[in-house]
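Colleague: Hi! Could you walk me through this one? I have a few quick things to ask.
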Amino acid sequence: MVTPGSGPTSPTLHTVWPGEAYPLGATYDGAGTNFSLFSEVAERVELCLIAKDGSEERINLDEVDGYVWHAYLPTVTPGQRYGFRVHGPWDPSAGHRCDPSKLLLDPYGKSFYGDFRFGQALYSYDLDAEDLASGGDPPRIDSRGHTMTSVVINPFFQWGSDRAPRTPYHDTVIYEAHVKGMTRRHPAVPAELRGTYAGLCHPAIIDHLKSLNVTAIELMPVHQFMHDHRLLDLGLRNYWGYNTFGFFAPHNEYAANQHAGGAVAEFKAMVRSFHAAGIEVILDVVYNHTAEGNHLGPTVNFRGIDNAAYYRLLDGDLRLYKDFTGTGNSLNARHPHTLQLIMDSLRYWVLEMHVDGFRFDLASTLAREFYDVDRLSAFFDLVQQDPVVSQVKLIAEPWDIGEGGYQVGNFPGLWTEWNGQYRDTVRDYWRGEPATLGEFASRLTGSSDLYEATGRRPSASINFVTCHDGFTMHDLVSYNEKHNEANGEDNRDGESHNRSWNCGVEGPTDDPDVIALRGKQMRNMLATLMCSQGTPMIAHGDEIGRTQQGNNNVYCQDSELSWMDWSLCETNADLLEFTRKVVAFRKNHPVFRRRRFFEGKPIRSADQVRDIAWLTPAGTEMTPEDWGTGLGKCVAVFLNGEAIPAPNARGERVVDDSFLLCFNAHDHVQDFVTPDGDYAEMWTADLDTADPTGHTDVVVPAGEKISLQPRSLLVLRKTA
């Protein structure tokens, strides 16, 4: 057993000045480095400088202002590894878990070095006893050499003429991607860059995104995260990265440049490259919990620094944590210093790393003041008034696992939301499940029932059919059941109710009819997504039919199962061409990306055709009775391109073509009568999902019948 103060240490070698309490963390100013750490519970704090040989120099932080311990070391420069030891009460029953045998990582660390070696040294309780001591001291085993270390970085970077694209929401197309999974198998990316930030901004990747008319790439977690001990024991890894402990640092494993601090400059260079291509960078961030897990998790940083300040503790038993996330703990967004940590992190990524927005994982957890979700909680108030954070894209995953956690439509006006109701409705419609046509109509037109009451616009709805969590688009039409056996949990993990349909055969098949139907279903959902009002999001690889072999929860599959197979660009070339076509179609026609909701009435005078009209297959306008009939799988919607009320950025009137979208979710051919009179005299088809590439040559006079293939979408444009 090694007690604090024993083991290889070095005498004090550095000059120590008082320094400043702010900014928190390690800040190099070009001459020396200021160190600052918050801990209200601490009785003494040591700054630990780690030499290349692993030896440690400990420096007492004697200056304390408002529970912030600090010092300035004029001789410390970038590349210096460091950590902290916090001396204070060990009293889990009171929520305090100070253990100075643990070398603690900086909550504000901008870079981290090394890896974790799991074992007794990382834990503040006896692993053999599998219980948290309430009274006596924990095992005093030094974690140095078993934990990562924080690294002082060089904050200076040549941004050149970098400018944020600032794409308006109504023009935005989001592409959700994984840094490693996107590039690990790309043949045009040099081998040494695959799976890295440098690889992600390689011209081959950027060219692919530009060919899709993507305007923003949303990166799955890139904040420094930990691989779970349990997964490592199973020979798996935390692939998704929703296990953060460093909210200011880009994950070091995604850096081609592996020297200390190299990930920071590489990440900045990646952002600069995306911006030069006109593509925004949005980060999927996890401020709802940390990697330290439940009361039996390792002591890495927050737990040993100030457990009661950083975590929501269980009323009646402060040894335990409230868990609204299913991960073991929840960050205490009620505490001012935890709120400061989150806001400082957000500002850092905008101001220093130049990112363009954030998608907040399980955002309802951040809204919890006590047990209830409060959309006017302190966190949202802070974001609303912040001059930096309030100006970037803010996307909520509007749910958590706690009571009342499903909050789609209830976030403040500044926010957009992943629209889970859109996902569910579109999936159900195309697989033929009974559902109200009114629900489908609402989702297609921007979900005004969810967002209009809070003063938001259609773009507040982040529309998606698939994302990282769940089936890929290919698997959504290929499997009725999840197949997660590779995850080592006997297929118990992952969502069981996927609203999927295998088109008649579970999994791979050689049946040409099933293969054709699956392709058509993917095209139907992609086309619906791009023809819907709101902000569309594509999951990486859906454009080429990526499969995870029925695994709907690849959080632990850092392997070819989850990585993009770029050979599919040739195998599924038709699907790729179709995706490019339908996204370009949306880009070219503002009637599909209106800034305001439809009103269902003439915009300027009573003799005009309404801005939107819903029609039966007979070409007549829908009556209240029609909305509830058996025709619920067949409907047409007229979008009036001459009735767009919002002007463009220069105040000019926006005018577009008018379109008729004909939906047939039945398993048989359906005749539609094209509307005539005030609607049009001639209709020309621009898109037909019955064709593998969406091509069609159909021209039909108004008032005549046109036959829609089973389970297909036909888009007609008014040409006379």
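Colleague: How many disulfides does the structure hold?

Modeller: It holds 0 disulfides. Keep in mind that this is a predicted model.

Colleague: Okay, why is Cys467 not in a bond?

Modeller: The closest cysteine sulfur to that of Cys467 belongs to Cys556, and it sits 16 Å away, so that is too far for a bond. A disulfide needs the two sulfurs within 2.5 Å.

Colleague: And what about Cys662, how far is its sulfur from the closest cysteine sulfur?

Modeller: That distance is 10.0 Å, to the sulfur of Cys634, which is again too far for a bond.

Colleague: Are those two cysteines buried or exposed?

Modeller: Cys467 is buried, with a relative accessible area of 8%. Cys662 is buried too, at 1%.

Colleague: Switching to sheets: what is the strand order in the open sheet with 6 strands?

Modeller: The order is E25-E26-E27-E32-E29-E30, with antiparallel pairing.

Colleague: Which strands stand at the edges?

Modeller: Those are E25 (612-615) and E30 (699-701). Each has a single partner strand, so one side of each is left without a neighbour in the sheet. On average, neighbouring strands here are turned by 25° against each other, direction ignored.

Colleague: How many bridges join E29 to E30?

Modeller: There are 3 bridges between them, and the two strands run antiparallel. One residue pair to look at is Met682, whose bridge partner in E30 is Pro701.

Colleague: Nice. Which strands does helix H9 lie across?

Modeller: H9 (residues 420-431) lies across E26 (634-639), E27 (659-664) and E32 (712-718). The helix runs at about 65° to E27.

Notes: Residues numbered from 1 in each chain as written. Predicted model: local features only at pLDDT ≥ 70, side-chain atom pairs only at ≥ 80, totals over all residues. Heavy atoms only, no water. Buried < 20%, exposed > 50% of the residue type's maximum accessible area, 1.4 Å probe, protein only. Pairing = 2+ DSSP bridges. Helix = DSSP H or I, 4+ residues; strand = E, 2+ residues; numbered from the N terminus. Axes fitted to C-alpha atoms, helices over the stretch in contact; angles between N-to-C directions. Contact = heavy atoms within 4.5 Å.
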